[in-house]
Amino acid sequence: MTKNGLKVGFIGLGTMGAPMALNLLKAGHTMFVSSRGKVPEAFAAQGATICTNATEVARRADIVITMVPDTPHVDDVLFGEHGVAQGLQAGKVVVDMSSISPMATKQFAQKINALGCEYLDAPVSGGEVGAQAASLTIMVGGPQDTFDRVKPLFEAMGKNITLVGGNGDGQTTKVANQIIVALNIEAVAEALLFASKAGADPAKVRQALMGGFAASRILEVHGERMIQRTFKPGFRIELHQKDLNLALQGAKELGLSLPHTASAAQLMQSCAAHGMAGLDHSALCRSLEIMAGHDIAEAPAATG
């Protein structure tokens, strides 16, 4: 540990969590980790302490980070048997970097605050690639002084780091992000499907559009995946479904109508119904292709 290193706990070492935690190790922090699945060998090899459960992590670390799939998982990790809450002492910080319900987040924060500890919600965007490259966008909700204390950890995992507001505001920002991403994926899929069905080369159409006002990261990255038929997940359809459900549930509570968010959610549901819930969210195009009876492009021929 460097003299500036912090005692950090990390719970949830999956597709996103593992590279994020490894980047904290590389930054010189003392790490205490646990995960529902097997802890990757790299953690022990690089000096992390493997803990038996979340309570032990919370006892040994000053700042505890959780990175798990959904709201019930966070609830269980924090407040279930052998959960984080049982190991906390006053003055510690809990940072949830999962993507979950903003409303539940506010309740979790209140319960952690009641134990004399601080809480930040800090969901991320950037996928597995961003997690590995420490280039994640991190959207934070919570007190300024707590954010300042944890910011060195965020800087070891991401690039665009913003304190949006109070507890729950980070999760609200992530839901907004997922609405924009989903609707852009749907727009790119519809545009490329239209071009392909009309007889144009979708790869050249995409190339032309990248030079105009329609250019976007979604057209660049996900449009390429649609054309190359590379749907290995960076971010799975089933996880994006969960985020859009959070948007639609929140909209109902707020008295809002989000019609295009609903349509994107239904297209993802169609993919899931066809056995594609585990594919990358760019595979949303498959639901449109199935309805059209036409694929944007053929899979590239195997080489070698």
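1. A helix in this note is a DSSP run of H or I at least four residues long, and helices are numbered from the N terminus. That is the sense in which E56 and R60 both belong to helix α3, which spans residues 54-60. Keep in mind as you read that this is a predicted model.

2. Let's stay with that pair. The side chains of E56 and R60 form a salt bridge, with N and O 3.4 Å apart. How far apart are E56 and R60 along the helix? They are four residues apart, or about one turn of the helix. An α-helix has 3.6 residues a turn, so residues three or four places apart point the same way. As for its surroundings, R60 has 37% relative accessibility, so it counts as partly exposed, a class that runs between 20% and 50%.

3. The count of salt bridges comes to nine. Side chains of opposite charge can pair when their charged atoms come close. Another of these pairs is E224 with R206, where the N to O distance is 3.3 Å. Here the partners sit in two helices, E224 in α10 (residues 217-228) and R206 in α9 (residues 202-209), so the bridge ties together parts that are 18 residues apart in sequence. Are the two partners buried or exposed? E224 is partly exposed at 30% relative accessible area, while R206 is buried at 15%.

4. Now look at helix α13 (residues 285-292), which holds both R286 and E289, three residues apart, about one turn of the helix. The closest N and O atoms of their salt bridge are 2.8 Å apart. E289 has 1% relative accessibility, and because anything under 20% is buried, E289 counts as buried. Which residues are joined into one network by salt bridges that share partners? They are R229, R286, E289 and D295.

5. R229 deserves a second look. You'll find it in the loop between α10 and α11, and its relative accessible area of 16% makes it buried. Its phi is positive, about 65 degrees, although R229 is not a glycine. Most residues other than glycine have a negative phi, and most peptide bonds are trans. A134 is a further case, with a positive phi near 55 degrees. This alanine is in the loop between α6 (127-133) and β8, and it is buried too, with a relative accessible area of 15%.

6. On to the nonpolar interior. The largest nonpolar core has 35 residues, and the ones that touch the most other members are F10, M20, F43, V95, M97, I138 and F154. Several elements each supply at least two residues of this core, among them the strands β1 (7-11) and β2 (30-34) and the helices α1 (17-26) and α7 (144-157). For a feel of the packing, click on F43: leaving out residues up to four places away in sequence, F43 touches L13, A18, A21, L22, L25, V33, A48 and I50. Apart from this core there is another one of 26 residues, including L193, M226, L267 and C285.

7. How many of the 10 residues of α1 are buried? Nine of them are, so α1 is largely enclosed by the rest of the structure. The buried residues are G17, A18, P19, M20, A21, L22, N23, L24 and L25. After α1 comes G28, which has a positive phi near 95 degrees.

8. T146 in helix α7 is also worth finding on screen. With 3% relative accessibility, T146 counts as buried. What does T146 contact, once neighbours within four places in sequence are set aside? The answer is V93, E118 and L120.

9. Last, some empty space. Rolling a probe the size of a water molecule over the atoms shows where empty space is left. The second largest pocket holds about 250 Å³ of space. It is lined by 14 residues, and P102, M103, T172, G250 and L254 are the closest to its centre. Elements giving two or more residues to this lining are α5 (102-113), α8 (169-197) and α11 (237-254). Which element gives the most to the lining? That is α11, with five residues. Sorted by class, the lining has 11 nonpolar, two polar and one charged residues.

Key:
Residues are numbered from 1 along each chain as its sequence is written. This is a predicted model: local features need pLDDT of at least 70, side-chain atom pairs count only at pLDDT 80 or more; totals for chains, interfaces and linings use all residues. Side-chain values use heavy atoms; hydrogens and water are left out. A salt bridge is a side-chain nitrogen of Lys or Arg within 4 Å of a carboxyl oxygen of Asp or Glu. Buried means under 20% relative accessible area, exposed over 50%, partly exposed in between (1.4 Å probe, protein chains only). A nonpolar core is a set of buried Ala, Val, Leu, Ile, Met, Phe, Trp, Tyr and Cys residues joined through side-chain atoms within 4.5 Å. Contact means heavy atoms within 4.5 Å. On a 1 Å grid over the protein atoms alone, a cavity is a set of points where a 1.4 Å probe fits but cannot get out, and a pocket is an open set with protein on both sides within 12 Å along at least five of seven lines; lining residues have an atom within 4 Å of a point. Grid points are joined across faces, edges and corners, and a volume is the space filled by probe spheres set on the points. Ala, Val, Leu, Ile, Met, Phe, Trp, Tyr, Cys and Pro count as nonpolar, Asp, Glu, Lys and Arg as charged, and the others, Gly among them, as polar.
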